[in-house]
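Student: I would like to learn how to read aromatic contacts in a protein model. Please begin with the terms.

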Amino acid sequence: MKALMFTIFTLFSSYKSDQNIQLNEAISDVGDFIEWSNEDLFQGRITEEEHAIQVENYNQLILTLL
């Protein structure tokens, strides 16, 4: 019985760990998009208004992921 409980706990922990890794990767990717948007603004490829909208959308996405 103890071995079964340990196995279930180990599998559950592994599953949660995989989810955390995927979540961290997704948040990191969104962070990259924000950096690219900042670079686009700096280079004059987008306006400040477009940048503000993009960053707000990316921030909302991060909040949704969390």
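Tutor: Start with exposure: buried means under 20% relative accessible area, exposed over 50%, and partly exposed in between, using a 1.4 Å probe and protein chains only. This is a predicted model, in which local features need pLDDT of at least 70 and side-chain atom pairs count only at pLDDT 80 or more, while totals for chains, interfaces and linings use all residues. Residues are numbered from 1 along each chain as its sequence is written, and side-chain values use heavy atoms, leaving out hydrogens and water.

Student: What counts as an aromatic pair, and how many does the structure hold?

Tutor: Rings of Phe, Tyr and Trp (its six-membered ring) pair if their centres lie within 6.5 Å; planes under 30 degrees apart are stacked, over 60 edge-to-face, and the rest tilted. The structure holds 2 such pairs. In one, the ring centres of Phe33 and Trp36 are 5.2 Å apart and the planes stand at 80°, so this pair is edge-to-face.

Student: Is Phe33 buried or exposed?

Tutor: Phe33 is partly exposed, at 36% relative accessible area, whereas Trp36 is exposed, at 51%.

Student: Which ring is stacked with Phe33?

Tutor: That of Tyr58, with 5.8 Å centre to centre and 15° between the planes. This pair links distant parts of the chain, 25 residues apart: Phe33 is in helix H1 and Tyr58 in helix H2 (residues 48–65). Helices are DSSP runs (H or I, at least four residues), numbered from the N terminus. Phe33, Trp36 and Tyr58 form one aromatic cluster.

Conventions: Helices (H or I, at least four residues) and strands (E, at least two) are DSSP runs, numbered from the N terminus.
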